[in-house]
Amino acid sequence: MNIVITGANRGIGLELVRQCLTRGDTVHAGARAPEHAAELSALVQGSGGRLHVHALDVANEASVRAFAAAIPGPVHLLINNAGVRSRPDGLSDLDTDDLTRTFQVNAVAALRVTQALLPQLRAAGGAKVASISSNLGSVTDNSWGGAYGYRMSKAALNMAMRSLGHDLKQDGILAFALSPGWVRTDMGGSEAPTSVEMSVSGLLTVLGHLSAEDTGGFFDFEGKRLPW
Ligand code: NDP
């Protein structure tokens, strides 16, 4: 499979690259600053030519266009993983500029990257688009409030995946919002209960099982359907 992964230099993105390479996929990895992505670059050597690292700032239109132009088709799986968690993100210390930036990266960018890669996704005949969302994007599950920018951005991302599920059906492209759980990364912190290896292994297994009847849905890394 040819797989595109954004935000691939650390955390969940880097582990996605590792596990996809291990199972034999070809990976196009996007990183904001490849020259500083030491762990990602170190994987290139042992990849037998299957790992290609590209500069990609998902919040920058020109960067996304250049990235898409450099990716050959077909693309069988696009994983929109790049994301930010703004802190503080509560009502009393709300920073609306930061909230808007969070929205751009977490919600708008996934749609922008997907749109830019549509020719390569269509060429695959049965491609999947997965955007890494969060339980915090669930309106139903919001039992304690706060996290305005993050929650709003992930809820919007979910809606984008829902619409893509409808719009891309005719092209045979399936779209999903996936929650990785609470994961021990820079974003998730050291208290998180789930290792990055376990989360990513779960996400890839779930992605392998999701089919046309699931398109536009929201699932966690153990395959459970999540409420909007
Ligand atoms: P990290 O903070 O460890 O990594 C975030 C990644 O996104 C980095 O590679 C970062 O690159 C990249 N990124 C941020 N902004 C941009 C941008 N503008 N362009 C390109 N890349 C960018 O987070 P995680 O690995 O934990 O998170 C990955 C995804 O999972 C995110 O979407 C996050 O919201 C989601 N998630 C994570 C949870 C967790 O518990 N960890 C829980 C729920 C969801 P750079 O190094 O350049 O900043």
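In the predicted model, Thr100 is located in helix α4, which spans residues 96-116. Its relative accessibility is 45%, so Thr100 is classed as partly exposed, the range between under 20% for buried and over 50% for exposed. A polar atom of the Thr100 side chain is placed 2.8 Å from the backbone oxygen of Thr96. Thr100 was also compared with Ser153 in sequence and in space. The two residues are separated by 53 residues in sequence, and their C-alpha atoms are 8.8 Å apart.

The ligand sits in the largest pocket. Two elements, α1 (11-22) and α6 (148-167), give two or more residues each to the shell around the ligand. There are 28 residues around the ligand, and those that come nearest are Asn9, Arg10, Arg32, Tyr150 and Thr185. Sorted by class, the shell contains 13 nonpolar, 10 polar and five charged residues.

Polar contacts to oxygen atoms of the ligand involve both side-chain and backbone atoms of the protein. For Arg10, a polar side-chain atom lies 2.7 Å from a ligand oxygen. For Ile12, the contact is made through a backbone N or O atom, at 2.8 Å from an oxygen atom of the ligand. Val183 likewise places a polar backbone atom 2.7 Å from a ligand oxygen. On its own the ligand has 900 Å² of accessible area, of which the protein covers 93%.

Two features of the backbone were examined in loops. The peptide bond that joins Gly73 to Pro74 is cis, with an omega near -5°. Pro74 belongs to the loop between α3 (61-70) and β4 (77-80). The second feature concerns Ala147, a residue other than glycine with a positive phi, near 45°. Ala147 is positioned in the loop between β5 (128-132) and α6, and α6 is one of the elements that contribute to the ligand shell. The relative accessible area of Ala147 is 6%, and Ala147 is therefore buried, the cut-off being under 20%. Thr100, in contrast, is partly exposed at 45%.

Note on methods:
Residues numbered from 1 in each chain as written. Predicted model: local features only at pLDDT ≥ 70, side-chain atom pairs only at ≥ 80, totals over all residues. Heavy atoms only, no water. Near = heavy atom within 4 Å. Polar contact = N/O pair within 3.5 Å; in protein donor to acceptor, adjacent residues only side chain to side chain. Areas by Shrake-Rupley, 256 points an atom, 1.4 Å probe, with all protein chains shown as cover. 1 Å grid on protein atoms, 1.4 Å probe; cavity = no way out; pocket = protein on both sides within 12 Å on 5 of 7 lines; lining within 4 Å. Sits in = over half its atoms within 2 Å of the grid points. Helix = DSSP H or I, 4+ residues; strand = E, 2+ residues; numbered from the N terminus. Nonpolar A, V, L, I, M, F, W, Y, C, P; charged D, E, K, R; others polar. Buried < 20%, exposed > 50% of the residue type's maximum accessible area, 1.4 Å probe, protein only.
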